[in-house]
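Here is a short note for someone opening this structure for the first time. Please read it with the model on screen.

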Amino acid sequence: MRVLNALLLPLLVHGRDTANCTQRTKMCNGVMCDDLCNIGTVPTDPWVDGGMAFIRELQRNEPLVRTTMIGTHNSAITQAYGFGIEQDYISTLLPHYPVYTSDNLGEGVCNTFSLLDQLRMGLRHLEIDINSGYFNVPFKGPAELDKIYVCHSPIPLDPVLIVQADAAAKEKGIDLGWNATKLSCIGTNVPYKKMLLEIKGWMDANPEEIVILYLDAKPESVSLKSQCKSAYDDMEAVFGNMIWAVEEGDPRGYSREQMLRMGKRVIFEDHDNGFKADSRDLVFVPALWNHQMGSVAQFPDCTIEGEAFDSWYAPVTYNASSKIKKSLVRGLGWGRKGDVGTRSIANAMDCAVNILSPNYVQPEDIESYVWAVDRAAWRPGLTSGCMGVLPSGKMGIVDTGPPTSECTARTPMACRKVEDDTQWVVENAKCPAGYVKAVPTTGYALKKLALAANGQTVYVDVAPDGRLL
């Protein structure tokens, strides 16, 4: 039996991640093991990092509803913390069992890397599933009703899988030696405060960043006032006044620059009306997004599940005092780099979708989110040179020599309709009546400008690091 285990195990040691991590740790549940990147060690592409930083700087003064935020589905239910480390072994025992898709193994596993690594890769919208400690009760453990944990399924939700895995292993003469309750909160969980501290550590090292934390609070987890207080105590202990509280108004019309000046860097939201707070409310319910879709019609249509583009795309005039109520748009369980058509990342970026939340995001996927700059014509770290929209449809360096202060007089130039960044013209002298010289700050606006340019290079008043001139 041990010989068979030894033959099977080497095929299953590495999870199906593509990160070139030099530091990995083996986690096991009986003989089921996975070799996972140590937290904080996933390598990233410097050009991709720089491209995402360029976009964040370009959108620094844009309201939240006009910004790009990458997310993931069930962000914290990831193999890095022990969730779903059984997948590779089980997929070998049960070749037809679907894994690495969504909500795997009945415990909601949807990701491989830690929240810290997801933040380092460029994610800014993280989904954190929380449960209170009541899940111990069926197994005669202490009912920790007021302790909040990160996990997805209070009890194993796929008993058929457990039976099938045991049977398949027995046929091969393998003793799995596993604890099936690890496919649930009972055996695999992380204290909520510990997870928040991991995020806070990254934020302390990156003081110019804001994040949205979407809490998927499971039933009966924050329905008691004492449970809500416990969750809020953890949040305030970690983030304090960095939290944008509900009483401070709707944050969707505020820019990152305004938030930073106010000292507000963390926004919490939830999809359900579960939180029962005695104190000031820290969680926006319903969530700040209300369009959650599986696909978006290809540019230039860009309708979402039948919703017209202009029903959710915030106009360039949107601000905190606007009476127009626009919401963030979220693509749930979105595709990956190689996907095409109505589920391609490139099309979603062309349509200015705010939040895409894929399953099992990998480092190479992030390049698809860099909608603003051309890899062949731009590199991070440049401090001088004139930028333009190139025939490729993305921005890049047109002239490398001059200081950026001299670039604003270059033509042809991009002119945007005064209150509508979906309409552009290209001019060699001055912008026509009703138009203003401008820079596209969303993927949709850039795509529309590129169409107006019709293959010619057009100068835009933006520095190589994304600062508007």
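The points below go from the whole chain to single residues.

1. Status and make-up. This is a predicted model, and what is said here should be read with that in mind. The chain holds eleven helices and 18 strands. Its radius of gyration is 24 Å, close to the 23 Å that the globule rule gives for 469 residues, so the chain is as compact as a globular protein of that length.

2. Extent and surface. Taken along the principal axes, the box filled by the C-alpha atoms is roughly 80 × 55 × 40 Å. The exposed area of the chain is about 18700 Å², and carbon and sulfur atoms supply 52% of it.

3. Burial and contacts. Of the 469 residues, 58% are buried. Counting contacts between residues at least 6 apart in sequence, 68% join residues at least 24 apart.

4. Charge. There are 45 positive and 56 negative side chains in the chain. The centres of these two sets lie 3 Å apart.

5. Nonpolar cores. Which residues touch the most other members of the largest nonpolar core? They are Ile128, Tyr192, Phe239, Phe268 and Met395, in a core of 122 residues. A second core, separate from that one, has 18 residues, including Met69, Trp244, Met259 and Leu328.

6. Helix α11. This helix covers residues 443-453. Its buried residues are Gly443, Tyr444, Ala445, Leu446, Leu449, Ala450 and Ala453. Just after α11 comes asparagine 454, with a positive phi of about 55°.

7. Alanine 463. This residue lies in the segment after β18, a strand that covers 458-459. Is alanine 463 buried or exposed? Buried is the answer, because its relative accessibility is 0%, below the 20% cut-off for that class. Apart from neighbours within four places in sequence, alanine 463 is in contact with Phe54, Met387, Thr404 and Leu469. Its C-alpha atom is separated by 33 Å from that of phenylalanine 268, and the two residues are 195 apart along the chain. Phenylalanine 268 is one of the residues listed above for the largest nonpolar core.

8. Cis peptide bonds. Most peptide bonds are trans. Against that background, two bonds deserve a look. Valine 285 and proline 286 are joined by a cis peptide bond with omega about 0°. Proline 286 sits in the loop between β9 (283-284) and β10 (289-293). Threonine 411 and proline 412 are also joined by a cis peptide bond, with omega about 5°. The loop that holds proline 412 runs between β14 (395-399) and β15 (413-417).

9. Positive phi values. Most residues other than glycine have a negative phi. Glutamate 220 has a positive phi, near 65°, and is not a glycine. Where is glutamate 220 placed? It is in the loop between β7 (211-217) and α7 (225-239). Glutamate 220 counts as exposed because its relative accessibility is 55%, over the 50% cut-off.

10. A second loop residue with positive phi. Alanine 352 also has a positive phi, of about 65°, although it is not a glycine. Its place is the loop between α10 (345-350) and β12 (355-358). Alanine 352 counts as buried, because its relative accessibility is 14%, under the 20% cut-off.

Note on methods:
Residues are numbered from 1 along each chain as its sequence is written. This is a predicted model: local features need pLDDT of at least 70, side-chain atom pairs count only at pLDDT 80 or more; totals for chains, interfaces and linings use all residues. Side-chain values use heavy atoms; hydrogens and water are left out. Helices (H or I, at least four residues) and strands (E, at least two) are DSSP runs, numbered from the N terminus. The radius of gyration is taken over C-alpha atoms; the globule rule is 2.2 Å times the number of residues to the power 0.38. Buried means under 20% relative accessible area, exposed over 50%, partly exposed in between (1.4 Å probe, protein chains only). Contact means heavy atoms within 4.5 Å. Accessible areas come from the Shrake-Rupley method with a 1.4 Å probe; for residues, only the protein chains shown count as cover. Lys and Arg count as positive and Asp and Glu as negative; His and the chain ends are not counted. The place of a charge is taken as NZ of Lys, CZ of Arg, CG of Asp or CD of Glu. A nonpolar core is a set of buried Ala, Val, Leu, Ile, Met, Phe, Trp, Tyr and Cys residues joined through side-chain atoms within 4.5 Å.
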